Structure formats: structure tokens, C-alpha cells
Amino acid sequence: LSAVADGICGLDVDKEGCQWEQQTSKLLITGGIVVNADRQQQADVYIEDGLIRLVAQNIKVSDDVRIIDATGKFVMPGGIDPHTHMEMPFMGTQTSDDFFTGQAAALAGGTTMHIDFALPIDGDIAAGYESYVKKAEKSCMDYSFHMAVTTWNDNVAKDMENLVKEKGINSFKFFLAYKGSLMVTDEQFLQGLRKCKELGALAQVHAENGDAVAEGQARIFAQGITGPEGHALSRPSLLEGEATGRAIKLAQFVNTPLYVVHVMSTDALDEISRARAAGVRVVGEPVASGLALNDSVLWDPDFMTASKYVMSPPIRPAGHGEALQAALANGVLQLVGTDHCAFNSKQKAAGKSDFRLIPNGVNGIEERMHIVWDLMVNSGRVSVMDYVRITSTACAQIFNIYPQKGAILPGSDADIIIMNPKGNTRISAETHHSTIDTNIYEGWSMKGNIETTISQGKVVWDKGHLNVERGVGRYIPLPPFGPLFDGLDKLDSAQLKAFRAPVQRAVE
Ligand code: URP
Ligand code: ZN
Ligand code: ZN
Ligand code: ZN
């Protein structure tokens, strides 16, 4: 475990007793290959007071600058995880990682920013937002929020407007699943889509048919299937495909962009692919678990092993993940999240005799950057530039904070990772930094290691040692009307013109 576990953090000596170089406000990363989403070059990177100041060859600096030699390594923007759940009250419990432990884990794995889903309190999104502001005070890295909308009324509409105009929220998630708790009806979803369009906020959707899932769960349980495999059997991929297609068509009807979170299946992928080919503005986000794993794990005879993989939509049979990887490589899907929603084995045990009670969620915030490197770069599926795009830049662009984040450019925040392609990484619950006692990638070994993470211009992770500080994480407001809204008004008028003129009929 890390410095975090002992509560020793932000000190010059960490948990293992290692002396940390005094943090300086000036850093120079020399000799590495600097990779942005559109270009890579051999260059030095000069950092001062948390910002990147210069990217150029052979930068000369004074003695008070700490030099980090990155020869033979890739210098890339820190990862941005668009999909996490810290301290989330869910399914009768609360996710195990809080904003500090989850972010410490993130930094140890090369992720320097995340966007967490704030949940309403009894449908009240303003109260929900405020509760997340409090929870996030302990942050050790930069973060933003999406807001979930779980009901519809005038207050929700008014509060959405306030959150967008005053509080830096530019995305709202609608759940078409979790009947009886988070799920909205099509009518509520449609109202939400119209409000999102008016505010320039991105509508996000959890796409599974919640009515069918509830029916499927009751039927499978009644057949005597009580274990984690019942989770997969009760909510097959066609229910994800149905809801994805429906959500896309409703967003198309409103002419507002849509972001499909945790795309897990080819059924959903086919809907996204077809819509994008027709010019519909739909973004698809696969998550690391969906890319890397298949559902055979849910049939493991050991409940503790199988239950750790229970998430929704479920991890799908072999073949889906490979198709998602290909879609990420060819641009049909744009960015990778994790849906980091960590529950320990004691929490998972709540569903020991009924799979419907297993808290849904898996770990990933610490592992995503390495898993994606292994699946996508080591395999030859994408270039290192594309790796930067799908782990960082696309997220910054979609949520309208590029190039403050997602780039190594003068003026960008100094959130940077140094990846040694010759290094080795092995993932295990024994060594990870999340608070949970299991890891869905247990034993995963790969070539490539993120040796150094720089957050806000400070070295926070260096060759296996973590040095993070509670409370220094900043809330990054997300401005509305991001690039996905560019020119949308022109499409509105094109759509209007396409309607045929109403007929004037004489009244008798
Ligand atoms: O299983 C999951 N995905 N848990 C978190 C909630 C959600 O739907 O994103
Ligand atoms: Zn979801
Ligand atoms: Zn989620
Ligand atoms: Zn140490």
C-alpha cells in the first residue's frame, strides 16, 4: 500500500521512508518524445508554477530548476477519466473510494483529472451538487462533475440552468435503467434533452431498457439462478442496443448531441456507428473493463471472484470487447472511461444469495492508462498519438476545457505523465492504491510503465512512490456550448426547412 494508507502524504519522506526531493515550482523534462494527439516530437518541456511554459529542443535553465531525464520515454498529457463514482451512495451502500483515495490511485496510474457523477438527493440536483462539493474538498488532483438527473419537474429545470450558468456543469446523465431508483421515463428524458439543448449542456445516457431488465431479473431469479451469472443472463446486450438506439433517436428528434456512457456491446456500438454515419452527433465512451474482459468471469464458482466483476451494463461475452477496441481505433468511439465504482468484497457480499443485491461497479481509475496502453498500443491497434487522444485529449475537447487540459502546449496545465515503453507493469490488489481488497485486473502483466506523474506542476508519483496532498485538488468548471454544439443551430433550421409547410384550410 501507499503513503496514503498511512496518512503520510505531502511530506518529504513517504511511507517507505524514502526521501523526496524538495518540490520546486520549476521543472524541466528533458530528452523525451513529447506526444500530443496531433503531433509527436523530440523536445524538452519547461514547467513553472503549475503551467507548461515552453516546449522546445535544448531548453537552457538556471540551477534552481529540477531536471527530469525522460530520454527514451514518452512525455504525454495526464489521463482524464470521464467516468467515475467516488463516495457515491448506491444500492444500499457507498462506493469505497473517496475523492482522496480514488484520486491518489488515479495519480499512481497516470490519471491527473476525472469527471465524477454527482447524484441528486431525493431528486434534488442542487442539493446533490452541494453535497459533492463538500465530498470533493479532500481532493488531491483536479476534477469536475457531471450531474445525474433522476426525475423531472420545474425545480430540476431551474436548477439545471443554475448549475450550467453558475456552477461549471456542462453535462447531465439520464439513466434508462435502475428501475425504481435512478431511472427516468422516455417523457422525462425528452424534457431533459430539450433543456440540455437550450443550455448548451451535453446529455449523457446510461442505455439499458430498465423495464426489461427488471422483468429479466425477476424471471432469472425465479428460475433459481441466484449467483453473479444471473446478472449477465438477466440483462443481455440486446437491451443495451435497444436503449442506445432509442436514446439516439430521441436526441436526434430534439437535435441535441448525445454522449453514451459505458458502451459495453456491439449492439450499442452498431447503433452508434449507424447514427454517426448518418451525421448524428453521438459520442460513445467504452470503459476499460468492457474493452479488456469478457463475461466468463461471472461464471467463476467462487462468489467473491465472480461478484467483483458485476457492473452495469454487464461485461459481455468474448468478441464485444475486441469490437469496441476496433471502434476506438477507427474513431466510431472517441474516448475511454472506467466507471470506477469501487466496492470491497464485504460490500459485494450483500448479494451472496441474490445477484440483484450485488452492488454494481468495478475498479479502474488506477489501471485505465496501463490497460489501454496494453490493449491498444502494445497490440499495434493505435499510435501513441491516438493513445493520447482516447485517454486525454478527446475528453478535454468534448467537455470544453481543451487546451487547458489534454495537451502539452505552452499555457496548458502541467498535468503530465512519463511512460517508459520498456518498463514493466503488474497489476494487483496487493500493490494498488484503491481502498478495495480486490482488483478486476489481478495479475495483469504488461510492457510499459508510467514511471512519473506530474499534477499541477508537481511530481506526485515517481518510480513506485506516491506523494499526494489532501485538499490541493481544484474544481475545474466546464463551460457550456462546447464543440459538439458548433453549427447546431444551422442544422435546426435545415430540419425546419425539411418539414413541409402546413396547409391552410378554409373553415366552413
Ligand atoms: O455498475 C455501474 N456502472 N455502477 C455505477 C453506476 C452507473 O451506472 O454508472
Ligand atoms: Zn451508468
Ligand atoms: Zn458509471
Ligand atoms: Zn516511497
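Student: Leaving aside its neighbours within four places in sequence, which residues is Asp267 in contact with?

Tutor: Ser237, Leu238, Glu240 and Gly241. Bear in mind that this is a predicted model.

Student: What makes those four count as contacts of Asp267?

Tutor: The cut-off is 7 Å between C-beta atoms placed from the backbone. Ser237, Leu238, Glu240 and Gly241 are in contact with Asp267, so their C-beta atoms lie within that limit.

Student: Why is Asp267 called buried?

Tutor: Count its neighbours. Asp267 has 22 other C-beta atoms within 10 Å. Burial needs 20 or more, so Asp267 is buried. Its place is in helix H8, residues 266-277.

Student: How many residues separate Asp267 and Gly331 along the chain, and what is the distance between their C-alpha atoms?

Tutor: They are 64 residues apart along the chain, and their C-alpha atoms are separated by 17 Å.

Student: Lys173 next. What does the UniProt record place there?

Tutor: The feature "modified residue: N6-carboxylysine", from an unreviewed entry. In the model, Lys173 lies in strand E11, residues 171-175.

Student: Is Lys173 buried or exposed, and what makes it so?

Tutor: Buried. Lys173 has 22 C-beta neighbours inside 10 Å. The threshold is 20 or more, so the count passes.

Student: Which residues is Lys173 in contact with, beyond four places in sequence?

Tutor: Phe117, His146, Ala148, Gln204, His206 and Val261. One of these, His206, is also among the residues around ligand 1.

Student: What else is around ligand 1?

Tutor: His85, His262, Met311, Ser312, Asp339, Cys341, Asn360 and Gly361 join His206 there. By class, the shell has 2 nonpolar, 6 polar and 1 charged residues.

Student: Which class does Gly361 fall in, and why?

Tutor: Gly counts as polar under the scheme used, so Gly361 is placed with the polar residues. Met and Cys count as nonpolar, so Met311 and Cys341 belong there. Asp339 is charged, because Asp is on that list.

Student: Back to the fold. What is the order of the strands in the open sheet of 7 strands?

Tutor: E6-E9-E10-E11-E12-E13-E14, with parallel pairing.

Student: Why are E6 and E14 called edge strands?

Tutor: Strand E6 (79-84) and strand E14 (282-284) each pair on one side only. From strand to strand, the twist averages 25 degrees.

Student: What makes strands E12 and E13 a pair?

Tutor: Strand E12 (residues 202-206) and strand E13 (residues 258-260) share 3 bridges, in the parallel sense. Pairing needs at least two bridges, so E12 and E13 qualify. At one of the bridges, Val205 has Val260 of E13 as its partner.

Student: What helix packs on this sheet, and at what angle?

Tutor: Helix H2, residues 125-135, touches strand E9 (111-118) and strand E10 (142-149). The direction of H2 makes about 155 degrees with that of E10.

Student: Why is helix H1 described as mostly covered?

Tutor: In H1, residues 99-108, 10 of 10 residues are buried. Among them are Phe99, Phe100, Gln103 and Leu107. Each is called buried, so each has 20 or more other C-beta atoms within 10 Å.

Student: What covers the buried residues of H1?

Tutor: The cover includes E6, E9 and H2, along with strands E16 (445-455), E17 (458-462) and E18 (465-466). After H1 comes Gly110, whose phi is positive, near 90 degrees.

Student: Which strands does E1 pair with, and in what sense?

Tutor: E1 (residues 26-35) and E2 (residues 40-48) run antiparallel over 8 bridges. They form a hairpin with 4 residues between them, and Val45 of E2 is the bridge partner of Ile29. E1 and E4 (residues 66-69) pair in the parallel sense over 4 bridges, with Leu27 opposite Arg66. E1 and E5 (residues 74-77) are also parallel, over 2 bridges, and Ile33 stands opposite Phe74.

Student: What makes the E1 and E5 contact a pairing?

Tutor: The rule asks for at least two bridges; E1 and E5 have 2, so they pair.

Student: Last one. Why is Gly180 called exposed?

Tutor: Gly180 has 7 other C-beta atoms within 10 Å. The exposed class takes 12 or fewer, so Gly180 belongs to it. Gly180 lies in the loop between E11 and helix H4 (186-199).

Note on methods: Residues are numbered from 1 along each chain as its sequence is written. Chains are lettered from A and ligands numbered from 1 in the order in which they are written. This is a predicted model: local features need pLDDT of at least 70, side-chain atom pairs count only at pLDDT 80 or more; totals for chains, interfaces and linings use all residues. A residue is near a molecule or strand if its C-beta atom, placed from the backbone, lies within 6 Å of it. Axes are lines fitted to C-alpha atoms, for helices over the stretch in contact, and angles run from 0 to 180 degrees between N-to-C directions. Two residues are in contact if their C-beta atoms, placed from the backbone, lie within 7 Å. UniProt positions are given in the numbering used here, feature names are shortened, and annotations may be inferred rather than shown by experiment.
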